[in-house]
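Please find below my notes on this model, set out as numbered points for your consideration.

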Amino acid sequence: MKRLLKNEGFTLIEVIMSIAILSIVSAVVLQLFISSMDLNNKSRTIDVAGVYAANAIENLKALTSEEARVIKQDQEWLYDSDWQLINDNKSAQFKLVVKLRENIDVAENFYEIQSKMIDQKTDEVLVEYITGHYYFKKE
Amino acid sequence: MIRMLRSERGSTSILVVIFMIVLMIFGLSILTTSISNTRLAEKKRVWLSEYYLLEGYTARELAMLDNIITKNKNETVTDLENSLIDEDARSQVYIKKIIEDLENQGYWVSLLESELEKELVVYLEIKENDSEIPKHLSLDLKLIIPDDLLSDDDFLNNANFEIAGHTEWQKPFDFEESIKFEDPFENPFEEPIVNE
Amino acid sequence: MKSRRSKVSIESIMVMLLMIAFSIAVSLMITQGSQIFKQSIDNKEEDENLRIAMSYINMRIKQNDYADKINLESNVIEGLSAIVIEHIDEEEGFRSYIYYDDNYLYECYTDEIPTKEISTQIIDSNGIRFEERIDKNQLVIYYSQRRGQDMIELEQIITLRSN
């Protein structure tokens with residue numbers, strides 16, 4: 001009987017310590033959550049960037065030898081953060097650079113192709129594909 | 001000692017520790033998931049990069065082959081002009097020449113003859129060098145044999161080959177450390193011992 | 001009789017308010033945390049599904065790229081259009097039909113008329129659409145992705161290397 005009426009409760013110091021510990025731990029854990037969202041976004045970006053870079057290469061491989069000869073300069077495309085094509089260099093998030101270079105030492109009509117997707121804001125190369133193509137004569 | 005255990009003081013701390021552990025588990029699990037996602041994306045990127053590199057080497061081989069074919073075509077025309085060869089049919093001369101030249105250089109060539117037409121096929125296989133499971137690119141090229149009725153200029157300007165097949169393959173992963181079980185039915189035809 | 005006035009110091013009230021504030025904060029944190037968790041897992045699953053679908057279609061095409069053997073045909077199974085891959089050599093006579101129906105990517109590998117019953121489910125996906133550019137010898141595949149509230153399409157171009 002006496003025990004029930006003893007009314008032992010939490011001491012204040014206990015409560016304060018637990019609040020302190022919990023807040024520190026939750027801050028750390030929430031940071032983990034945020035990092036995981038960032039990582040997910042990064043992996044999605046790398047995937048989509050790879051697809052755009054590969055598309056550029058595939059389009060180059062579909063050309064004829066005359067069309068390939070016409071492309072002298074490097075081609076550039078600018079994308080915003082939603083992967084829409086834009087023209088403005090300042091607000092662009094991603095830039096796709098495609099280079100086509102003829103290597104006569106190997107053969108005439110042999111081109112080396114380099115396709116690179118760069119993150120403008122961090123100046124980081126997201127995806128880079130290097131390949132070659134031989135534009136042989138077709139019937 | 002028992003009184004300390006019964007006194008239930010500081011039970012908040014235990015609750016706090018348990019709560020902490022649960023939170024950490026959640027945080028770590030979601031982080032592991034995201035890291036694996038990033039790693040898979042990276043793997044895909046690396047695979048495609050190596051594939052395109054391999055295609056680059058293939059294009060180089062194609063270019064060299066094209067040079068050989070063009071050279072042989074030129075030689076065929078000049079040989080026939082200078083009447084160094086007895087045979088009339090230009091395509092016959094060309095086929096013989098090209099098969100000999102390609103086989104000397106180590107290419108795999110095969111001539112398929114049917115009543116209607118002849119088919120000259122070259123098979124190329126390019127393999128990755130430094131990889132555990134190397135990628136292979138197999139090219140099936142059909143060499144075009146121009147008609148005898150064409151002029152010499154048309155013969156030379158005609159297309160050299162067609163890509164009949166451009167396939168990529170990899171040997172499936174071989175599990176080296178596979179578990180081997182003893183065969184319980186090792187001697188299926190052994191007569192069972194019957195106790196009389 | 002004196003009315004009992006319990007002495008309640010302001011300090012205790014403040015401490016209790018602090019406790020209440022803390023509990024509200026913790027519950028908010030838990031709700032938001034669970035939302036982030038769910039969102040993260042959903043994103044990761046969608047990413048993986050996209051990667052698997054893209055990878056599968058690419059592999060099928062790259063491993064069977066022979067001249068005139070890969071085509072896009074409409075009205076193949078139940079009115080759906082599909083990528084038709086004709087096999088050669090050991091698998092002569094067999095065809096692979098890759099199509100999308102009702103949130104799933106299917107493949108039917110058979111030498112008879114293709115039906116849905118003998119198809120296998122590859123992976124679930126939000127939406128896949130095929131297109132053929134014959135003049136350039138290209139197959140274009142559009143993958144629908146969720147971006148915020150609406151869906152956008154990711155375009156992937158595959159140039160067939162064989163003539």
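1. In H1(C), the buried residues (20 or more other C-beta atoms within 10 Å of their own, with C-beta atoms placed from the backbone) are Ser40(C), Asn43(C), Lys44(C), Asp47(C), Leu50(C), Arg51(C), Ala53(C), Met54(C), Ile57(C) and Ile61(C). The model is predicted, so local features need pLDDT of at least 70 and side-chain atom pairs count only at pLDDT 80 or more, while totals for chains, interfaces and linings use all residues. Residues are numbered from 1 along each chain as its sequence is written, and chains are lettered from A, and ligands numbered from 1, in the order in which they are written.

2. Helix H1 of chain C (residues 10–63, a DSSP run of H or I of at least four residues, numbered from the N terminus) has 54 residues, which at 1.5 Å a residue should span 80 Å, and this agrees with the 78 Å between its end C-alpha atoms.

3. The largest nonpolar core (buried Ala, Val, Leu, Ile, Met, Phe, Trp, Tyr and Cys joined through C-beta atoms within 7 Å) has 45 residues, and those touching the most other members are Ala49(A), Tyr52(A), Ala53(A), Ile57(A), Met117(A) and Tyr134(A). Helix H1 of chain A, residues 12–61, gives the most to this core, with nine residues.

4. Beyond its neighbours within four places in sequence, Ile57(A) is in contact (C-beta atoms, placed from the backbone, within 7 Å) with Ile113(A), Ser115(A), Tyr129(A), Thr131(A) and Tyr52(B).

5. Between chains B and A, 35 residues of chain B are in contact with 36 residues of chain A, whereas the contact between chains A and C takes 20 residues from chain A and 23 residues from chain C.

Note on methods:
Contact = placed C-beta atoms within 7 Å. Buried ≥ 20, exposed ≤ 12 C-beta atoms within 10 Å, placed from the backbone. Helix = DSSP H or I, 4+ residues; strand = E, 2+ residues; numbered from the N terminus. Expected span 1.5 Å × (residues − 1).
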